[in-house]
Amino acid sequence: MSLLTCIDCGKQKERRRASRCWPCTQHYDKWMHAANRAITRARARGLIGAASEQQCVDCGRQAFDWDHRDYTKPLHVEPVCRSCNGKRGPALFPLDRTPEPAQAA
């Protein structure tokens, strides 16, 4: 089996269908879920509306998702349609630390 390179740490990985090695995937998931929890809490408090009430900032169609570009800033999001969200790729996150509970609040 040919080895591929993880997009985050650059180490060789054996996971053929994934762009990240397993440790980086787990770390990325922690940041992603913390940021998504922050959006859910902000929506429940009325601080942010539904993405579907907005237009996609990239193409102008109806938005579907709130897109994070940087998971360390969980409330800095832009409304995007699914197509544009996929084109934007993954958000940034630090490999050297884990999300803090205050960041997910």
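Asp8 is partly exposed, with a relative accessible area of 25%; on the scale used here, buried means under 20% relative accessible area, exposed over 50%, and partly exposed in between, computed with a 1.4 Å probe on protein chains only. Its partner is Arg20: the two side chains meet in a salt bridge at 2.4 Å, N to O. A salt bridge here is a side-chain nitrogen of Lys or Arg within 4 Å of a carboxyl oxygen of Asp or Glu. Arg20 belongs to the loop between β2 (12-13) and α1, and Asp8 to the loop between β1 (4-5) and β2, so the contact ties together parts that are twelve residues apart in sequence. Helices (H or I, at least four residues) and strands (E, at least two) are DSSP runs, numbered from the N terminus.

Before I proceed, a note on the source. This is a predicted model, in which local features need pLDDT of at least 70 and side-chain atom pairs count only at pLDDT 80 or more, while totals for chains, interfaces and linings use all residues. Residues are numbered from 1 along each chain as its sequence is written, and side-chain values use heavy atoms, with hydrogens and water left out.

Let me stay with Arg20. Unlike Asp8, which is partly exposed, Arg20 is buried, at a relative accessible area of 9%. Arg20 also lies over the face of Tyr28, at 3.7 Å from the ring centre. The criterion for a charge over a ring is that NZ of Lys or CZ of Arg is within 6 Å of the ring centre and within 35 degrees of the ring normal.

That brings us to the aromatic residues. How many aromatic pairs does the structure hold? There are two aromatic pairs. Rings of Phe, Tyr and Trp (its six-membered ring) pair if their centres lie within 6.5 Å; planes under 30 degrees apart count as stacked, over 60 as edge-to-face, and the rest as tilted. Tyr28 and Tyr71 make an edge-to-face pair, 5.5 Å centre to centre with 65° between the planes. Tyr28 sits in helix α1 (residues 22-44) and Tyr71 in the loop between β3 (65-68) and β4 (77-80), so this pair ties together parts that are 43 residues apart in sequence. Both tyrosines, Tyr28 and Tyr71, are buried. Tyr28 and Phe93 form an edge-to-face pair as well, at 5.2 Å centre to centre and 70° between the planes. Here distant parts of the chain are linked: Tyr28 in helix α1 and Phe93 in the loop between α2 (82-88) and α3 (101-104), 65 residues apart. The relative accessible area is 10% for Tyr28 and 12% for Phe93, which is also buried. Tyr28, Tyr71 and Phe93 thus form one aromatic cluster.

I turn next to strand β3. Asp65 and Asp67 point one way from β3, Trp66 and His68 point the other way, and all are buried. Strands β3 and β4 run antiparallel and are joined by four bridges; two strands pair if DSSP finds at least two bridges between them. Within this arrangement, Asp67 stands opposite Glu78 in β4.

The charged residues of this region deserve attention. The count for the structure comes to six salt bridges. Asp65 and Arg82 meet through their side chains at 2.9 Å, N to O. Because Asp65 lies in strand β3 and Arg82 in helix α2, that salt bridge ties together parts that are 17 residues apart in sequence. Asp65 is buried at 15% relative accessibility, whereas Arg82 is exposed at 54%. A further salt bridge joins the side chains of Arg88 and Glu78, again at 2.9 Å, N to O. Arg88 is in helix α2 and Glu78 in strand β4, so the parts tied together are ten residues apart in sequence. Glu78 counts as partly exposed, at 33% relative accessibility. Asp58, Asp67, Arg69, Glu78 and Arg88 are linked in a network of salt bridges.

Finally, the cysteines. Why does a search of the whole structure find zero disulfides? A disulfide is a pair of cysteine sulfur atoms within 2.5 Å. The sulfur of Cys6 is 3.7 Å from the closest cysteine sulfur, in Cys9, which is too far for a bond. The sulfur of Cys59 is likewise 3.7 Å from its closest counterpart, in Cys81, and again too far for a bond. Cys6 is buried at 3% relative accessibility, while Cys59 is partly exposed at 37%.
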